[in-house]
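Please take a moment with the sequence and the structure below before reading on. The paragraphs that follow are meant to be read with both in view.

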Amino acid sequence: MLALRMKKPPTEEELERRKIVGINAETVTHVTSTDFPGHYPQEEHFWDINIFRDNLKVEFHKNDPLEVSFSLVGVDASIANAFRRIMIADVPTVAIETVLMENNTSVIQDEVLAHRLGLIPFRGGKEGLHKFMNFLKKPADGEDPQYVDYNTIQLSLNVDCTHNEDAAKDEEDPSKLYHHANVYASDIEFHPVGRQTKYFAGEDAIAPVNPEILIAKLRPGQSIHCSMLMHKGVGSDHAKFSPVATASYRLLPTIKIKAPILGKEAEKFARCFPEGVIGLEKVTRKEAAQKGSEYEGHEGELKAVVKDTMRDTVSRECLRHDEFNKKVELGRRRDHFIYSIESAGQWNSDAIFLESVALFKEKARKLEQQVVNMVR
Amino acid sequence: MAPKSKTQKETPEEVVASEADVAMTEPPTSHQPAVEDEDASMKDGDPFDDEEGQNAEDEDEDEEEEQQRVKLLPGSTPTAASFEFLEEGHTLGNALRYIIMKNPDVEFCAYAIPHPSEAKMNIRIQTYEGTTAVQALEKGLKDLQDLSDVVTEKFKASREEFAARMSA
């Protein structure tokens, strides 16, 4: 008991060690976080917003409109995962929900065509899409839905395939032989109504993110005529509403070289990893002169050093070789999340993350209110 | 023939027969009622006739009271309680469990989704003396909101710094 009370606070090294998930050839160890009150004797680990603020780090690696990559360091997996899940399933987008088929003589069945149309990602004025547009209220039983400018966007697709009289006699390419042999997403027309004319004007018009998406193929005499209604929805309802192509994270890999890996072995060791992870450096005179550094007498030889673990794929290849098995320790940092978010086009990729955090906060705020109501 | 309950068995044969007849004339379950000109109204008519008034009304409705989604499960005492959350899942469950476990007054906290096809999430909280499970739950939800603010703030700061670095 006395020994417990006299326990010193953990060293930096010890704190660092606790953050590492061990990766062995066949097993993974120390998976769960232990930073809770009562886990370590004489240590606190209680929630404190200031401690959290001091430890939290965000570092960007890439920030393009359609793809963002950044590190979120200093959060628990449960929080990081909540953001990821919200990005995929709860951040709303607008997609085609109702297709009114007037005529479809193409070889694609109505329901298949409607499904294809639903999956096309659309873009448009950000303010209009994210602020002005709202969810369509589910109508009461027996009532018709209320379609208004802030919950419904009207689109239409009208294509007829005809012979191209100007085509060369020996032309074999259907796209030159006929008009509209291929129906593309760019053939979809947008019909703004009400205030949509203001929010979705000019560059901000509702249009497919990629105009070259092939919807159907036609032959002379065939046609597709349909009008479509778009509504706001969330990914948990249907994947077409998900704002992301992928939203994922991985933990930062760690590589610890415990004993020198030199010469030919160092080169082989570097080849066990993707390029740029392991670097080769010459053993300096100073290192060779240092007693107990295990570099004695190896001046000028190549040694393996860890350069950039971010590029590692954690293939564990090095653990398959007996010569490295004892000299290296692989792991992942439990609180370092490398997010990679690819937008489907309706949101900017960084805005999707911010929106997920905002939705998470809103979720907690609503439930706090609910708990207050429950007690009342 | 549809299965009969006890009371139905005692009814005279004729009545049962006539009930069956009535049922036969009803449309089958797969029947879809004829849509009265719905398509036409959407093509030609203006479905967006009353925009302005509708939107104002709708914005008011947002503040309308939501149905109660949190429930205290039976058998709970002030310091040891189970709560049932409707329409919540792992997203909030695990995050809330983490933040409540970070509370030094909490002895135990865990969450579960009892069945995957029911949109329910249960959370169990046991506290030490001096506080209650409800207070721990409220603190957890408050802490999550504070956490979100810090993440947003840091994310935006880092994004600006990155943009500056890229344009430099």
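What follows is a walk through the contact between the two chains, then a sheet in chain B, and finally a few strands in chain A.

The structure is a predicted model, and everything described here should be read with that in mind. A sensible place to begin is the interface, to which chain B contributes 61 residues and chain A likewise 61 residues. The area buried between chain B and chain A comes to about 5,800 Å², and carbon and sulfur atoms give 65% of that area. Polar and charged groups also take part: 16 residue pairs are in polar contact between chain B and chain A, counting those with both residues at pLDDT 80 or more, and six salt bridges are found across the interface of chain B and chain A. For an example that can be located directly, the side chain of Glu88(B) forms a salt bridge with that of Lys363(A), at 3.1 Å from N to O.

Which elements of chain B supply at least two residues each to the side that touches chain A? They are helices H3 (38-43), H4 (51-61), H5 (90-101) and H6 (133-167), together with strands S1 (70-72) and S2 (80-86). Of these, H6(B) gives the most, with 24 residues on the side of chain B that touches chain A. Sorted by class, that side of chain B has 27 charged, 22 nonpolar and 12 polar residues.

Two of the strands just named, S1(B) and S2(B), belong to an open sheet of four strands in chain B, whose order is S1-S2-S4-S3 with antiparallel pairing. S1 and S3 (106-112) of chain B are at the edges and have a single partner strand each, so one side of each is left without a neighbour in the sheet. On average, and with direction ignored, neighbouring strands of this sheet are turned by 20 degrees against each other. Between S1(B) and S2(B) the antiparallel pairing extends over three bridges, and Lys71(B) stands opposite Glu84(B) in S2(B). Helix H12 (residues 349-375) of chain A packs on the sheet, where it touches S1 and S2 of chain B, and its direction makes about 40 degrees with that of S1(B).

Within chain A, strand S1 (residues 20-23) runs antiparallel to strand S18 (residues 328-343), to which it is joined by four bridges, with Val21(A) opposite Arg332(A) in S18(A). S1(A) is also joined by two bridges to strand S2 (residues 28-29) of chain A, again antiparallel, and here Gly22(A) stands opposite Thr29(A). S1(A) and S2(A) form a hairpin, with four residues between them.

Methods. Residues are numbered from 1 along each chain as its sequence is written. Chains are lettered from A and ligands numbered from 1 in the order in which they are written. This is a predicted model: local features need pLDDT of at least 70, side-chain atom pairs count only at pLDDT 80 or more; totals for chains, interfaces and linings use all residues. Side-chain values use heavy atoms; hydrogens and water are left out. Contact means heavy atoms within 4.5 Å. Buried area is the accessible area (1.4 Å probe) that two parts lose on being put together, summed over both. A salt bridge is a side-chain nitrogen of Lys or Arg within 4 Å of a carboxyl oxygen of Asp or Glu. A polar contact is a pair of N or O atoms within 3.5 Å; within protein, one must be able to donate a hydrogen and the other to accept it, and residues adjacent in sequence count only if both atoms are side-chain atoms. Ala, Val, Leu, Ile, Met, Phe, Trp, Tyr, Cys and Pro count as nonpolar, Asp, Glu, Lys and Arg as charged, and the others, Gly among them, as polar. Two strands pair if DSSP finds at least two bridges between them. Axes are lines fitted to C-alpha atoms, for helices over the stretch in contact, and angles run from 0 to 180 degrees between N-to-C directions.
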